[in-house]
Amino acid sequence: MRYLRFSHAVLGVFLWCAAAFAFTGICFSAYDEAAVSLRESRIRALLSEVRKTLQIKMDKGEGLSALKGGAEILVPYQATDGDILSISVFDFSTGKILFGTDAARTGNTVYARWYEKCGPADDMFVDKEESGDAYGVPIVNAFGEKAGCAVIEYKAEEYEGVRQRMMETAVGRAGAFCIGGVLFVLIFYILHILPSYRKLSFMNKATYRKSAFVLLFICAAAAIPIAGNSTFRAFEDVLKSEISSKTKVVAGIISSRVSLAIKNGMPFKSLHFVETYLDTVRQENPEILFILLTDKSGRVLYESGSAVQAFESDASTGKVSLREGFLNTAEPVRFGAKTEGWVQIGVMERFVRDKIF
């Protein structure tokens, strides 16, 4: 009989470990998917903005091959993302690089695979190599003809580092869950067999036995949600770098748009339809909780979404601070060398957790 009880304990440990690895596997898959989505959406947003800027220039009558200051146009976009190796624009008819952030490559013929993928593409195309990942979009002139392609090259190892840390987190958390399960089953088994020892016969008393088992289950019931929350937090800590990169790029794009509007003569405090634009950006990026445009003093001029739940104020000092579990990115809105205000983007760290449940 005692052998059967021990076999039940072993089976319990096995089932618990299987559940632990299944749970951490589901978490890893969800957060890995979120990391890939954040990376690709930030690249797509940046490429779309590069294409719009170039096509606006072309609509004014400038051909892509004769575009003035093309390289200077691309430099600010590269500055928004530290993972970018280079941005290049090549001519579709010749396959030669017209301009880019790496001046040494101007005039060189692009990789054949870039040309082949750009040809049939209407939207973003991807080329993954060991040396780096390349993402591109076709550029169309005013007559609907494909004039060329813009390509952004990224460091391939950056995302692989994020994924590796997530895998380590998943394995570590699954192992911790298994150890916890083994301890629970071991204590349960020991409590179960204690009455068979004469020196511990007091455990035959129903009150003692019930109290011991109730205490054990209370501890387990309290530990499980704490451990689950800790697991989510561990994944969210790894994901912070991707969230930060994404929000920095989006904030940079919004800042560039607003700066251009100011340059064209629109007063910063009287921008028309800017909140509609911010709403569109937020809808395209569901992880973004709010977008604020503030003046230099921090006073909110335009708002999309609600920032109320992300901030708290100290009643004694009136100081406003970001609550735990939220991230905030700020980029300046400049007119020349003068800072007119700030773009602020807030993200709730647990947006993946909310998606799972």
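**Group meeting: cysteines, pockets and cores**

Okay, let's start with a pair of cysteines: cysteine 118 is buried, and cysteine 149 is buried too. Before I go on, keep in mind that this is a predicted model. Those two cysteines form a disulfide, with their sulfur atoms 1.4 Å apart. The bond ties together distant parts of the chain, since cysteine 118 sits in helix H3, residues 112–118, and cysteine 149 in strand S5, residues 146–154, with the two positions 31 residues apart in numbering. And the structure holds one disulfide, so that's our count.

Now, what about cysteine 17, and how far is its sulfur from the closest cysteine sulfur? That closest sulfur belongs to cysteine 178, and at 3.1 Å it's too far for a bond, because the cut-off for a disulfide is 2.5 Å. Both of these are tucked away as well: cysteine 17 is buried at 18% relative accessible area, and cysteine 178 counts as buried at 11%.

Let's move on to the pockets. The largest pocket has a volume of about 920 Å³. It is lined by 26 residues, and the ones closest to its centre are Thr53, Tyr77, Ser256, Arg257 and Leu260. Which elements supply at least two residues each to that lining? You've got helix H1 (2–59), helix H2 (70–79), helix H5 (206–263) and strand S10 (326–335). H5 gives the most, with eight residues. As for chemistry, the lining of the largest pocket splits into eight nonpolar, eight polar and 10 charged residues.

Then there's the second largest pocket, with about 410 Å³ of space. Here 19 residues make up the lining, and closest to the centre are Trp16, Gly180, Gly181, Ala223 and Ile224. H1, helix H4 (156–193) and H5 each put in at least two residues, and H4 gives the most, with nine. The breakdown for this second lining is 13 nonpolar, five polar and one charged.

Right, on to the packing. In soluble globular proteins, nonpolar side chains tend to be buried together. In this model the largest nonpolar core has 38 residues, and Met166, Leu239 and Ile254 have the most contacts inside it. Quite a list of elements gives two or more residues to this core: H1, H4, H5, helix H6 (274–284), strand S6 (288–295), strand S7 (300–305), strand S11 (338–348) and helix H7 (351–356). H5 gives the most here, with 11 residues.

If you want one residue to click on, try isoleucine 254. Setting aside neighbours within four places in sequence, isoleucine 254 is in contact with Tyr277, Leu278, Val281, Ile291, Val343 and Ile345. Apart from that core lies another one, of 25 residues, including Leu67, Ile73, Met124 and Val249.

Last thing, a backbone oddity. Most residues other than glycine have a negative phi. Phenylalanine 273, though, has a positive phi of about 65 degrees, and it's not a glycine. Where is phenylalanine 273? It lies in the loop between H5 and H6. And is phenylalanine 273 buried or exposed? It's exposed, because its relative accessible area is 69% and the threshold is over 50%.

So, to pull one thread together: H5 gives the most to the lining of the largest pocket, and H5 also gives the most to the largest nonpolar core. That's it from me.

Terms used:
Residues numbered from 1 in each chain as written. Predicted model: local features only at pLDDT ≥ 70, side-chain atom pairs only at ≥ 80, totals over all residues. Heavy atoms only, no water. 1 Å grid on protein atoms, 1.4 Å probe; cavity = no way out; pocket = protein on both sides within 12 Å on 5 of 7 lines; lining within 4 Å. Points joined across faces, edges and corners; volume = space filled by probe spheres on them. Helix = DSSP H or I, 4+ residues; strand = E, 2+ residues; numbered from the N terminus. Nonpolar A, V, L, I, M, F, W, Y, C, P; charged D, E, K, R; others polar. Buried < 20%, exposed > 50% of the residue type's maximum accessible area, 1.4 Å probe, protein only. Core = buried A, V, L, I, M, F, W, Y, C linked by side-chain atoms within 4.5 Å. Contact = heavy atoms within 4.5 Å.
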